[in-house]
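Hi everyone, thanks for making time this morning. I'd like to walk you through a model, so please get the view open on your screens.

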Amino acid sequence: MTRSVTKLPKLETRQLALAVTTDGSRAFVAGGQGRDVLAFSDTPSSGQGYVASNSGGRGLRDVMVAGDEVWVCGEYGHVARSVDGGASFTTIHIGANGACLYSIRRDDAGALWVVGDRGLLKRSTDGETFVDVDAKTTANLGRLRTSAIGPLIATSQGGMLLVDGDEVIATKLEARGVMMTPLATQQGTLMVVGVDGQAYRSADMGESFERVDPLTTGFLSTVAALEDGTVAIVGADGHLAVSSDDGRTFAKVNHDAMTGTIWCCAPFEDGLLMCGESGQLAFYG
Amino acid sequence: MTPFLILGNPENRRITMFADALERRGHPAPEIIAHQTLLEEGPAVLAQVKGPRLVKLDSFGENDVVTRALLRRGLPRARQEGIRIYDALDEPIRRGLISSPMQSFFGFTDYLESLRPFLERDDFKMMNPITGILELFDKRVTSRRYASLGIPVPEFIDPATPDALRVMMRERGWSSCFVKLACSSSASCLAVVRRRETADGDRFSLMTTIARRPHGWFNSLRIQRVDREEDVDVILTFLLRDGAQVERHVPKAKLARRFMDCRVLVVDEEPAFTVVRTSTHPITNLHLGGVRGDLDALRRVVPPDVWAEAMEACVSVARAHGCFYVGVDLMFERGFRGFRVIEANAFGDLLPNLTREGLDVFEWEIDRFSRR
């Protein structure tokens, strides 16, 4: 399939967009520094119809959607929930003690997971009570992604964690510095990307990792899988590289649709929605 | 009132000024334990301190004996890691000599780790935690960390050699970049690399304070231009070999026709004090000819949303390290349309002659920390 990158109109806020999530028909974008940036659209791949919302936070780091339910998390231990598709939010106090929370996700069993500064890992089965789970690390826990084998978590100290039930297992990854985002591909391969062009894959559930070449030595923010199994990596300087062999090799996608860092991406329809600095948006499809 | 325990170099004005501030705020005299004592007698000295205590772990700089003790302590690891070593440790270090900042950092790391079990106790409340202080001492770590948090920083690269640096600059279309020793301070070990396209290919030159003299590498405190390609190579090799943070030179905004940046001191998750620094060249450090600028004039030209976002970014820096106070160097881009965090300093609170609501910087810190 031949794809190209289309530049979309910027978000009106022109702020940093750090997270995007999609649910088949809609996209939610979250971010901001010191302020709450949240927008959602029913026609995200055209870049139209992004409606601004506000959850009462001071900088959002993740957004998750399931039906009419929308969850966000971010700086200062902020977690908020919407039951009307993101129109209004209620703050949920999870006892994060002011930590920055980088991800909120629901696993296949329905449990909500929240990760954050200095090994903060919490789980909730009812969306109201959040209990601590021992992450066995004091590293900051970065983005969490759910998968068939359980939640995956990238850490700020070059690691990747795998959650099995209530047990957190450290994979054998020994990267250097901050790892940003993990992924389990459609074929069950684990991947993770981070600073200095570091991208790794593991075909044995984290027992061993090989470094792959994402065609840049720059900062990598996100690895994501498209609907057809294509693996995409995005990062600084508008870098987008894609793999059609389950993350073994990558080809760079040249474009001028986004400058600066692409902070996040998520599969949408048969392509990839990407967000970044100054409210920049683009669609690869 | 819980008394303070200060670890530092007692003769240094950081300590004397802080002790004076404590007295002015009605606190009991602090207990001061010298780095030298701890280095010579061991961290068990701390076990004799009765709690509770509020703890300020301060700079080890500007004391030759302590500097050499840390270098000595870092020597084994420096040898192991193959970096340039400094082993003339029985004699005072010549003024301005760049001994081996990375070796010093290794020693400092080992020293702080030895203190950790004695400081991380329930009846001690530290202003800045050991982990945060150590993180703040490596510019490569902080830059990447901030980038991962969405805090705007200059784009960085990781070249191992001058040739690799040239290639990377060319590939990215950078006309200029900063090369800073990762564990140095106060612009003492940096170079600004400039790339100029000519008919014969790219020409590279440097602006730096680093100078090679018979006794080694010195920080001359004088910014000079280096044009000869061989000299450029020698200086870059020196910097890159010792571990350097290399980042794009993002053009700084100008205030009253002078380049400017800011030192923002974050205290208790609030941007408490801001010093504007201006210079005729992009290196604005006050000891290199920079002068303090007009904060009110700056506030008038920075759009309010950009200012608010920049201040929040500075707070995020302090939060990232779990520090009660951090000095954040912040620059605004041309036209004040954006900003970048350049670096942050664990001991960045020595800002004399600044007041807020009648309190100087140390008084402000003391009041805020005592109330926590």
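I'll go from the contact between the chains to the core, then helices and sheets, and finish with some backbone details.

One thing before we begin: this is a predicted model, so please keep that in mind throughout.

Let's start where the two chains meet. On the chain A side, 16 residues are in contact with 14 residues of chain B. If you sort the chain A side by class, you get nine nonpolar, six polar and one charged residues.

Now the interior. Which residues touch the most other members of the largest nonpolar core? That core has 201 residues, and the answer is Val20(A), Cys265(A), Val266(B) and Val317(B). As for where the core draws its residues from, the largest share, eight residues, is supplied by helix 10 of chain B, residues 304–321.

Let me zoom in on Val20(A). Leaving aside residues up to four places away in sequence, Val20(A) touches Ala27(A), Phe28(A) and Val29(A), and also Cys264(A), Cys265(A), Ala266(A), Leu273(A) and Cys275(A).

While we are in chain A, have a look at Val65(A), which sits in strand 6, residues 60–66. Is Val65(A) buried or exposed? Val65(A) counts as buried, because it has 21 C-beta neighbours inside 10 Å, and the cut-off for buried is 20 or more. Beyond residues up to four places away in sequence, Val65(A) touches Thr21(A), Asp23(A), Phe28(A) and Val70(A). You may spot Phe28(A) there, which is also among the contacts of Val20(A). For a sense of distance, Val65(A) and Glu128(A) are 63 residues apart along the chain, and their C-alpha atoms are separated by 16 Å.

Over to chain B for a pair of helices. Helix 3, residues 64–81, and helix 4, residues 101–119, have axes that come within 6 Å and cross at roughly 95 degrees. That crossing angle is why helix 3 of chain B counts as roughly perpendicular to helix 4 of chain B. Which residues make the contact? From helix 3 of chain B they include Leu70(B), Leu71(B), Gly74(B) and Ala78(B), and from helix 4 of chain B they include Phe105(B), Phe106(B), Phe108(B) and Tyr111(B). By class, the residues of this contact divide into nine nonpolar, five polar and four charged.

Back in chain A, let's look at the strands. Four of them form an open sheet with antiparallel pairing, in the order 14-15-16-17. Strand 14 (141–145) and strand 17 (167–170) of chain A stand at the edges with a single partner strand each, so one side of each has no neighbour in the sheet. From one strand to the next, the twist averages 25 degrees. In the middle of that order, strand 15 (residues 152–155) and strand 16 (residues 160–164) of chain A run antiparallel and are joined by three bridges. One place to look is Ile153(A), whose bridge partner in strand 16 of chain A is Leu161(A).

A little further on comes strand 18 of chain A, residues 179–184. Six of its six residues are buried, so strand 18 of chain A is largely enclosed by the rest of the structure. Strand 18 of chain A pairs with strand 19 of chain A, residues 190–194, in the antiparallel sense over five bridges. Across that pairing, Leu183(A) stands opposite Met191(A) in strand 19 of chain A. Five residues lie between the strands of this hairpin, and Gly188(A) there takes a positive phi near 85 degrees.

That brings me to the backbone. Most residues other than glycine have a negative phi, and most peptide bonds are trans. What is the phi of Leu215(A)? Near 70 degrees, a positive value in a residue other than glycine. Leu215(A) is in the loop between strand 21 (210–212) and strand 22 (220–225) of chain A. In chain B, Phe336(B) also has a positive phi, about 55 degrees, and Phe336(B) is found in the loop between strand 15 (325–332) and strand 16 (339–345) of chain B.

Last stop: a cis peptide bond, with omega about 0 degrees, joins Gly51(B) and Pro52(B). You'll find Pro52(B) in the loop between helix 2 (35–41) and strand 3 (53–57) of chain B.

That's my tour, and thanks for listening!

Key: Residues are numbered from 1 along each chain as its sequence is written. Chains are lettered from A and ligands numbered from 1 in the order in which they are written. This is a predicted model: local features need pLDDT of at least 70, side-chain atom pairs count only at pLDDT 80 or more; totals for chains, interfaces and linings use all residues. Helices (H or I, at least four residues) and strands (E, at least two) are DSSP runs, numbered from the N terminus. A residue is buried if 20 or more other C-beta atoms lie within 10 Å of its own, exposed if 12 or fewer, and partly exposed in between; C-beta atoms are placed from the backbone. Two residues are in contact if their C-beta atoms, placed from the backbone, lie within 7 Å. Ala, Val, Leu, Ile, Met, Phe, Trp, Tyr, Cys and Pro count as nonpolar, Asp, Glu, Lys and Arg as charged, and the others, Gly among them, as polar. A nonpolar core is a set of buried Ala, Val, Leu, Ile, Met, Phe, Trp, Tyr and Cys residues joined through C-beta atoms within 7 Å. Axes are lines fitted to C-alpha atoms, for helices over the stretch in contact, and angles run from 0 to 180 degrees between N-to-C directions. Angles under 35 degrees count as roughly parallel, over 145 as roughly antiparallel, 65 to 115 as roughly perpendicular and the rest as oblique. Two strands pair if DSSP finds at least two bridges between them.
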